[in-house]
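Trainee: Please take me through the nonpolar core in detail. Then continue outward to the paired strands and packed helices.

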Amino acid sequence: MNYWLRLSLLTAFYGVLFAALTWPLAAHFTSSFLVVPGHDTYMYPWNTWHFRTAVQTGQPVFHTDWLFYPLGSWLILHTYTPIIGLISVLVGNDILALNIGLLLSYSLSAAGAYLLARRWVQSPLLCLLAGFIFAYSPYKLQRLPEHYNLVLTATVPFYVLAFLDAFRFRERKFLPEVRSWKAAAGCVALGLVTLLSDYYVLFGLLYFSLAYAAWYWFGLGRIRWREWRTWAWLGGILVLSHVLIRLLRRWGVEDNGGFWWGGDLVDFIMPPPTSRFVYWGWAARLYNNPKVFTMPGSLENTLFLGYALPLLALGLWALRKAHRRPVSAVAQEEQGRPLAWVLLFFVMLTLPATRVYGHDRLHLPTAFLHFIPFFNNIRCPTRWVMMVGLLLPILTFSALEAAWKPRLHATSRTALSLLLIGLVLFEYWPRPYERTSRAAVPRVFHEVAKLPGNTLIPVPLGIASGYREVGQFRREHLFYQTVHEKKVPIGFMARVPAEVFASLEHDPVLGAVLFRQTKPDTIAPAPPTAPQVQAFLRRYDPAAFVINPEFREQPAHLFLRQLLRPYGYREQLVDGYVLLTPPAR
């Protein structure tokens, strides 16, 4: 079958599966998107809206003053997902662009994983399952309504395919031989697309390349595992790395929270709460246990790949060790042999310390990455289970074919494949997702959109980053801004400069509101002077102040009412929100 026809059919098949897993999203594809209320989801419609607005108005794409006005911030280290912004420029609908981006990412991720598995696995059914496991693993289905950037993995299997076609490695030689410059160019192009998607996924490609090359650099395929010297060297490396890492942590060398976010071995057997059928009571208790997890209830604790696949992999490994099955097609093929090592490398990345039920036992050599500046920005190790979900099915299914081919008839193999597919679907199938749309935005923000003026000042005030939060920032305000289209002094990004926090805290007016918001029972300092208020109004040119219902008649609201009354501001209630507007212009 023609390659492009096969890819199209696979993409369509997995696209239908995406529609089934996320139903009824497909019935509202242009107007609603998946969401976890109060969480980071709202960042992604804002990203898409900002990118499209910047392109259409000729403003900087990677800098914004729509948030943190008037200083603004760069978006370079923000989870910006410009690839979806480009889709929005083409279709002119931010929500539709989000859904198209997710649909393409999931369906192409699965199709690419199918094609990669097909290099070593003969059964189309097992290849279809390999594609499903990579694209729709519990790790990705749990993040689907919250961390859109982390599910943009469509380039990963195609990069691996291009990488294998592009380079031939030789043992003890650092630079590979280029087999195909066309495939090498494909690696670069896919890397650029990934750069526009997510930096975790981009580093997944880089780490795959380095781990694959390391197999040849260090001659790992020649290691004689039956010799005592090999185990003595391995034990010495593990002990030395453990001691050095313990010392680095004790000396306070910055690890950027890598160990705090690190995984626990129980994560591999704990189904996530998004699982429809296997999130049982014991899993719920474990998932929210503060004695086990540094952040109980966090989706970063998910390493679950089901029970059927890991148990099958362990059983086949045991058969191989007992010499009861032939060598798999992956292990027989030159380019496939390094994959088991690469899989082990990514498993080790998920566990910088082998943590068992909340207790660190052994620090692994891969943990040194968390002490290297720039690299330690990848501070959530459990996210590397994404690559485990790509490689483990390929290695397992190739071993399964080696085990059953001389023993089972084709009909039995098909039946067992269908049984395995059913088990994995049962383990992975998610609960229904929540959705939201512009119609859910409170009416007060639609009213603000009609007002003249440059900015909106909301209460509560707050600025948040991945490391710090001042005041209280409601993530929904990112989505609200796509409706009212007024600049705001608040915001949330993965990285926020220190001066942005300082600008909010030290502003004479905003700082006074923030103090009364965060310390309502404390005697407040002197209010800003009239010249300071006038300078603030000239600088911000506010279209309105909006006070959330729970802050109504509280110190921050009462302070603003008194402060703005001399300037002719009017107050009205809109569905429980307080709207303060300047006199008509």
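Mentor: The core comes first, then the strands, the helices and two single residues.

This is a predicted model: local features need pLDDT of at least 70, side-chain atom pairs count only at pLDDT 80 or more, and totals for chains, interfaces and linings use all residues. Numbering starts from 1 along each chain as its sequence is written, and side-chain values use heavy atoms, without hydrogens or water.

Start with the largest nonpolar core: it has 172 residues. A core here is a set of buried Ala, Val, Leu, Ile, Met, Phe, Trp, Tyr and Cys residues joined through side-chain atoms within 4.5 Å. Buried means under 20% relative accessible area, exposed over 50%, and partly exposed in between (1.4 Å probe, protein chains only). Tyr 136, Phe 208 and Phe 346 have the most contacts inside this core. Helix α15, residues 385-404, gives the most to it, with 14 residues. Helices (H or I, at least four residues) and strands (E, at least two) are DSSP runs, numbered from the N terminus.

Now look at Phe 346. Set aside its neighbours within four places in sequence, and Phe 346 is in contact with Gly 204, Tyr 207, Phe 208, Trp 384, Met 387, Val 388 and Leu 391. Contact means heavy atoms within 4.5 Å. A second, separate core has nine residues, including Val 266, Met 270, Ala 283 and Leu 286.

Next, the hairpin. Strands β6 (residues 353-356) and β7 (residues 359-363) pair in the antiparallel sense over four bridges. Two strands pair if DSSP finds at least two bridges between them. Thr 354 has Leu 362 in β7 as its bridge partner. Val 356 is partnered by His 359 in β7. Two residues lie between the strands, and Tyr 357 takes a positive phi near 50°.

Further along, three strands form an open sheet with mixed pairing, in the order β11-β10-β12. β11 (469-471) and β12 (491-492) are at the edges, each with a single partner strand, so one side of each has no neighbour in the sheet. β10 (residues 462-464) pairs with β12 in the parallel sense, over two bridges. Ala 464 stands opposite Phe 492 in β12.

Then the helices. α19 (residues 498-506) and α20 (residues 508-518) pack at an angle of about 80°, with their axes 5 Å apart. Axes are lines fitted to C-alpha atoms, for helices over the stretch in contact, and angles run from 0 to 180 degrees between N-to-C directions. α19 and α20 are therefore roughly perpendicular, a term for angles of 65 to 115 degrees. Leu 504, Glu 505 and His 506 in α19 meet Pro 508, Leu 510, Gly 511 and Leu 514 in α20.

Finish with two residues. Asn 548 sits in the loop between β13 (542-547) and α22 (555-564). Asn 548 counts as buried, at 6% relative accessibility. Beyond its neighbours within four places in sequence, Asn 548 is in contact with Val 459, Pro 460, Arg 474, His 477 and Tyr 577. Leu 90 is in helix α3, residues 82-91. Leu 90 counts as exposed, at 74% relative accessibility. Leu 90 and Arg 52 are 38 residues apart in sequence and 9.1 Å apart in space, C-alpha to C-alpha.

Methods
Parallel < 35°, antiparallel > 145°, perpendicular 65-115°, else oblique.
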